[in-house]
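Me: Please take a close look at a single part of this structure and describe how its residues are placed. Then set that part in the context of the remainder of the chain.

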Amino acid sequence: MTAAVDNAREAFGKGDVVGAVAALDGAMGEGVVPLRLQLADSLFRSGERNGSVDQYKAALEAIRKERNEEMEGQILVGMAFTMLQSEDGDGAEEALEALQKALTLAEKSGHPGQQMFLQRMIAQAKDRIEQAAGKDKAEDEIVSKESGVPKQIEDTTLMACVEGLVHRAPLVLLMNGTPDQVKCQQSLAVVKALVESSILFDTFDVATKQGEAIKPWLKQVYECDPKEIPLIFLKGKLFGGAEKVLACKEDGSLEKLLVEGGAKKTEDGEDHPWNGKISQAAECEPRPCDGSHFEWAELGETAGALVELIAKVGPGAWDTKAEALSGRGLKGPDGEELTAELVQKIWEEVAPRVKQRLEAKPEMECGHSCNTCPTKDECGLHGALDDW
């Protein structure tokens, strides 16, 4: 690894994107391309479209020297996608040229799915060129009130945005927020799992206006529920959401599955780009699970309140629980006063039903299931049900 890459990585680690770009000026060799792609993504997310394109072009020059046509195609798609984000259509012609080159590479490698995707993006780029030139099409007379552009062009653009996103890196994570400002606990858990597995990834923040716009296309094109975000895409194909990622992390198969699917890892001894930089936005702070995420009304008022109490403090100390529940005006099933023995009996009667409910892994109001709950270890229900 060259000194230029080391200097650029150090600057990027401190948040100095401009310094990192300057350090890489003219640099070639090991580590240059991945870092340039990280800079391109960072610049794009901060609104510096032209700077992002410049980094894609530099990465393209470097990867062509390595004769890596698969990576060249991915870079061309990422660069074209970035170019097509201009509101006035500036850059659409250059994007079209890049996409046509990527299509040639896809045809050479014999990837029919990739060819179809690129053909749709090429059609979208041509529409943008015609739009910029002021050429009206009879079928484009319906204009979107939201964007002010012909509806057919807007739809094509959004579909191309989705497909451009999921193809612009070997592994793309659609998440709420960014790794340094995560906006939901599930996204946080997935980011941490990827970093701990040394997996390199690109991200897209769906908690934005553009993110909201592409959600319907996620469902239409990939048949996935946007409510399941975060979602991981490997080589443009849906891998899964938080539940699958965390289950694979727990059984030790995550790294193997992702690498076999085409994801890239950090070099041996190299620190992950996001290591030590992951942080939560204020809205991401978790509320410890107290059992109230579930509706326990079918158990009865007293039994439901007891389940929530056990979730908070665990089982046992039945006399204290009887006192706490009585203080809330609650009674036994026949209207009798609560005692330690009666409270324990109520728990023993409802515990099998509670366990069955949790094992079904229903989604709670917060969007988690028990499997993906970030505060699962703080919930007393799981330990209380071990013997049932």
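Reply:

**Strand β4 and its setting**

In this predicted model, strand β4 (residues 202-205) is covered on both faces: D202 and F204 point to one side, T203 and D205 to the other, and all four are buried. The partner considered here is strand β1 (residues 171-175), which runs parallel to β4 and pairs with it over four bridges. Within that pairing, T203 of β4 has L173 opposite.

D205, also in β4, merits separate attention. This aspartate is buried yet takes part in no salt bridge, and the nearest side chain of opposite charge is that of K183, at 4.1 Å. The pair is not counted as a salt bridge because the cut-off is 4 Å, and K183 stands at 4.1 Å from D205. The side chain of D205 does have backbone partners. It reaches the backbone nitrogen of G177 at 2.8 Å, and a polar atom of the D205 side chain also lies 2.8 Å from the backbone nitrogen of A207. Beyond its neighbours up to four places away in sequence, D205 touches M175, N176, G177, T178, K183 and G211. G177 and K183 thus appear both in that contact list and in the distances given above, G177 at 2.8 Å and K183 at 4.1 Å.

The approach to β4 along the chain has a feature of its own. S198 sits in the loop between α9 and β4 and has a phi near 65 degrees, a positive value in a residue that is not glycine. With a relative accessibility of 24%, S198 is classed as partly exposed. A second residue of this kind is K235, in the loop between β5 (231-234) and β6 (237-241). Its phi is near 50 degrees, again positive in a residue other than glycine, and K235 is partly exposed at 28% relative accessibility.

The helix before that first loop, α9, also carries one end of a charged pair. K249 forms a salt bridge with E196, their closest N and O atoms being 3.3 Å apart. Because K249 belongs to helix α11 (residues 242-251) and E196 to helix α9 (residues 185-196), the pair ties together parts that are 53 residues apart in sequence. K249 is partly exposed, with a relative accessible area of 31%, whereas E196 is exposed at 56%.

That salt bridge can be set beside others, since a search of the whole structure finds eight. One of them joins the side chains of E69 and K108, with 2.9 Å between N and O. E69 is in helix α5 (residues 69-83) and K108 in helix α6, so this pair links parts that are 39 residues apart in sequence. E69 is partly exposed at 35% relative accessibility, and K108 is exposed at 60%. Another salt bridge connects the side chains of K256 and E260, with 2.7 Å from N to O. Both residues belong to helix α12 (residues 254-260), where they are four residues apart, about one turn of the helix. K256 and E260 are each exposed.

A buried polar residue elsewhere can be set beside D205. Q55 is found in helix α4 (residues 49-66) and is buried, with a relative accessible area of 4%. Its side chain makes a polar contact with the side chain of R36 at 2.8 Å. Leaving out residues up to four places away in sequence, Q55 touches R36 together with V21, L39, A40 and L43.

The nonpolar interior forms a further part of the picture. In soluble globular proteins, nonpolar side chains tend to be buried together. Here the largest nonpolar core has 47 residues, and those with the most contacts inside it are V33, I75, M79, L99 and L118. Helix α6 (residues 92-109) gives the most to this core, contributing nine residues. L99 is in contact with A80, L84, L118, M121, I122 and A125, its neighbours within four places in sequence being left aside. Apart from this core lies another, of 25 residues, including L299, V307, L309 and L381.

Taken as a whole, the protein has 16 helices and six strands. Of its 388 residues, 49% are buried. Among contacts with a separation of 6 or more, residues 24 or more positions apart account for 62%.

Note on methods
Residues numbered from 1 in each chain as written. Predicted model: local features only at pLDDT ≥ 70, side-chain atom pairs only at ≥ 80, totals over all residues. Heavy atoms only, no water. Buried < 20%, exposed > 50% of the residue type's maximum accessible area, 1.4 Å probe, protein only. Helix = DSSP H or I, 4+ residues; strand = E, 2+ residues; numbered from the N terminus. Pairing = 2+ DSSP bridges. Polar contact = N/O pair within 3.5 Å; in protein donor to acceptor, adjacent residues only side chain to side chain. Contact = heavy atoms within 4.5 Å. Core = buried A, V, L, I, M, F, W, Y, C linked by side-chain atoms within 4.5 Å. Lys, Arg positive; Asp, Glu negative; His and termini not counted.
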